[in-house]
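Please open the model in your viewer and keep the sequence panel beside it, since each stop on this tour begins with a selection. The text then says what to look for there.

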Amino acid sequence: MNFPKWKEYLVIAVCALGVLFALPNILPNSVIERLPSWMPTNRVNLGLDLRGGAHLLLEVDLDTVENDYLNQILDGARIALRKERIPYGENFPRSVLKGQKSVEFDLKDTSAVGKAKTVLTSLDQGCVVEITGNHVKITPTEAVMLQRKSDAVNRSVEIVKRRVDESGTREVNVQRQGDDRVLLQIPGLQDPSHVKELLGRTAKMTFRLVDESAEELSDKKGVTAPVGSIYMECPETGKYIAVKKQVLVGGETLLDANLDYDEYNRPQVSFKFNKLGAKKFADATKANVGKRFAIVLDNEIISAPVIQTPITGGSGRITGDFTAERAKDLSLLLRAGALPAPLNVIEERTVGPDLGADSIRYGIVATIASGAFVLLLMYMWYSSFGMLANFAVIVNLILLIAGLSCLQATLTLPGIAGIALTVGTAVDANVLINERIKEYLRKGEKWAKAVEKGYDLAMTSIVDTNLNTIIGMMCLYQFGTGPVKGFAITTMLGTIISFFTSTTLTRYIISLLMKNRRMISIPM
């Protein structure tokens, strides 16, 4: 029961910091704004079911992922065969149609079959190359395709998170669901139209040369672009411009993009490449001075300026008929990165704040009611020792709120249930300790000896029960989804804090009473 000074200071410091970090949750905004800079201001974040907001279930278009991969294989095969001077037939496709599972074409000369198979096999180890006569069929393996689709969904989750976070929305919940779906929950957002607009664009930016041999068209219907080129719309001129299919610089090499203004105060987007992108951009502009360079975003030409001089600084700007908001959104999309495939909204729900307010009210009533019954029972059963346990429960709640505020965890309705459960289980350790103390008092032990043995011998059971609870909550957090994770976090954190309050805080208070020789007067 002897507490060294450092331990006393540590217990007092933990309790004082808990009060300090929990305080912003009960202070009005006007008071928080006037607090000193060193004071904590973080509050517990409220989840969708408590605060209201938007719920979107998005589906990743995996057919596009497969089609893009097959087109990469097709382009690689075309370039490799030309490089090795292996002629292919007139049926060589310009692109792979959606729904196709393989790349197919004919070779002109059957004598080059062996060489062609060697060249095509070396292109991609994840593909099977079959040549029957002079007919070539390249098929990706099932394992490779499944991996690419899974990677596309995981990448979509990260990009959605970056786009929504950078748009100024806080406390978003983005997680993968199943093989091809992404769940997005945004507390406090009642109109998700702007977010859907941001997510509706793949934001795949590329830099390509304009095909000067093809004229600009007002309408591209019935007109075929030259081989190796494709017609794209340019909203800036209102016409269709033919651009080369070959990408000189890809948007994946972009390092940063920001809203900027030119000398006439017109919005524009400034961008910067990484080292690889800067080198590619410099080489492309050096080799094509005097030619038009198209900046393409999602198969739409943003701008097609003429390269006046080589651009070697690794940075540039996109100008056009931009509003400040459009330029800001464009820079956000470029910073967040390109989605590997389009996202389709298949479910949309909006939770009103009134429903959230009802949930909070009922949750608070349930927590207070459960706490009141626990406190009353502890006092009736253990008298003043029960009051010590009750004090530990109150401190436990304060520290729990402080912990949630520090972690910036999102509190959901199941999370409130976890807090209510924590109130009930927080006294378990004190029940074990108090029963042990009563047991030794009945045997005739003195107060100091009974208290010391009560704490020491109850410790094994307390550690076992708390450890089992923590392991269970860790499994719930690892394998559960949003609301279940909220329950797991509050219960796990409450269990850890209750271990401190029941075994250390109450023991410290009793040691103070024993030093003052008041222990003998405390009824059990």
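The tour goes from one helix to a set of salt bridges and then to a strand with its partners. Bear in mind throughout that this is a predicted model.

**First stop: helix H8**

Select residues 275–287, which make up helix H8. At 1.5 Å a residue, these 13 residues should span 18 Å, and the C-alpha atoms at the two ends are indeed 18 Å apart, so the expected and modelled spans agree.

Now colour Gly277, Ala278, Phe281, Ala282, Ala284 and Thr285, which are the buried residues of H8. If you turn the view to look down the axis of H8, these buried residues fall within an arc of 165°, and they therefore line one face of the helix. A general point helps in reading such a view: an α-helix has 3.6 residues a turn, so residues three or four places apart point the same way.

To see what the buried residues of H8 pack against, add strand S8 (205–209), strand S11 (249–250), strand S13 (267–273), strand S14 (293–297) and strand S16 (315–318) to the display. On the face of H8 turned away from its buried side, you will find the exposed residues Lys275, Leu276, Lys279, Lys286 and Ala287.

Before leaving H8, select Asn274, which caps the N-terminal end of the helix, with a side-chain oxygen lying 3.3 Å from the backbone nitrogen of Leu276.

**Second stop: salt bridges**

The structure holds 14 salt bridges, and three of them are visited here, beginning with Lys149 and Glu66, whose closest N and O atoms are 3.7 Å apart. This pair links distant parts of the chain, because Lys149 belongs to helix H6 (residues 142–166) and Glu66 to helix H4 (residues 62–83), with their positions 83 residues apart in the numbering. Glu66 counts as buried, at 8% relative accessibility. If you add Lys101 to the selection, you have a network of salt bridges that links Glu66, Lys101 and Lys149.

Stay in helix H4 and select Asp75 and Arg78, which both lie there, 3 residues apart, or about one turn of the helix. These two residues form a salt bridge in which the closest N and O atoms are 3.0 Å apart. Are Asp75 and Arg78 buried or partly exposed? Asp75 is partly exposed, with a relative accessible area of 33%, whereas Arg78 counts as buried at 15% relative accessibility.

Next, select Glu216 and Arg292, which form a salt bridge with their closest N and O atoms 2.7 Å apart. This pair, too, links distant parts of the chain: Glu216 is in the loop between S8 and strand S9 (229–234), Arg292 is in the loop between H8 and S14, and the two are 76 residues apart. Glu216 is partly exposed, with a relative accessible area of 32%.

**Third stop: strand S7 and its partners**

Select residues 181–187 to show strand S7, which is mostly covered, as 6 of its 7 residues are buried. Then add strand S2 (residues 53–60), which runs antiparallel to S7 and is joined to it by 7 bridges; within this pairing, look for Glu59, which stands opposite Arg181 in S7.

Which residue of S7 does Val174 stand opposite? Add strand S6 (residues 173–177), which is joined to S7 by 5 bridges and also runs antiparallel to it, and you will find Val174 opposite Leu184. The tour ends in the hairpin of S6 and S7, which has 3 residues between the strands, and where Gly178 takes a positive phi near 70°.

Conventions
Residues are numbered from 1 along each chain as its sequence is written. This is a predicted model: local features need pLDDT of at least 70, side-chain atom pairs count only at pLDDT 80 or more; totals for chains, interfaces and linings use all residues. Side-chain values use heavy atoms; hydrogens and water are left out. Helices (H or I, at least four residues) and strands (E, at least two) are DSSP runs, numbered from the N terminus. The expected span of a helix is 1.5 Å times one less than its number of residues. Buried means under 20% relative accessible area, exposed over 50%, partly exposed in between (1.4 Å probe, protein chains only). The arc is that of the directions from the helix axis to the C-beta atoms. Contact means heavy atoms within 4.5 Å. A polar contact is a pair of N or O atoms within 3.5 Å; within protein, one must be able to donate a hydrogen and the other to accept it, and residues adjacent in sequence count only if both atoms are side-chain atoms. A salt bridge is a side-chain nitrogen of Lys or Arg within 4 Å of a carboxyl oxygen of Asp or Glu. Two strands pair if DSSP finds at least two bridges between them.
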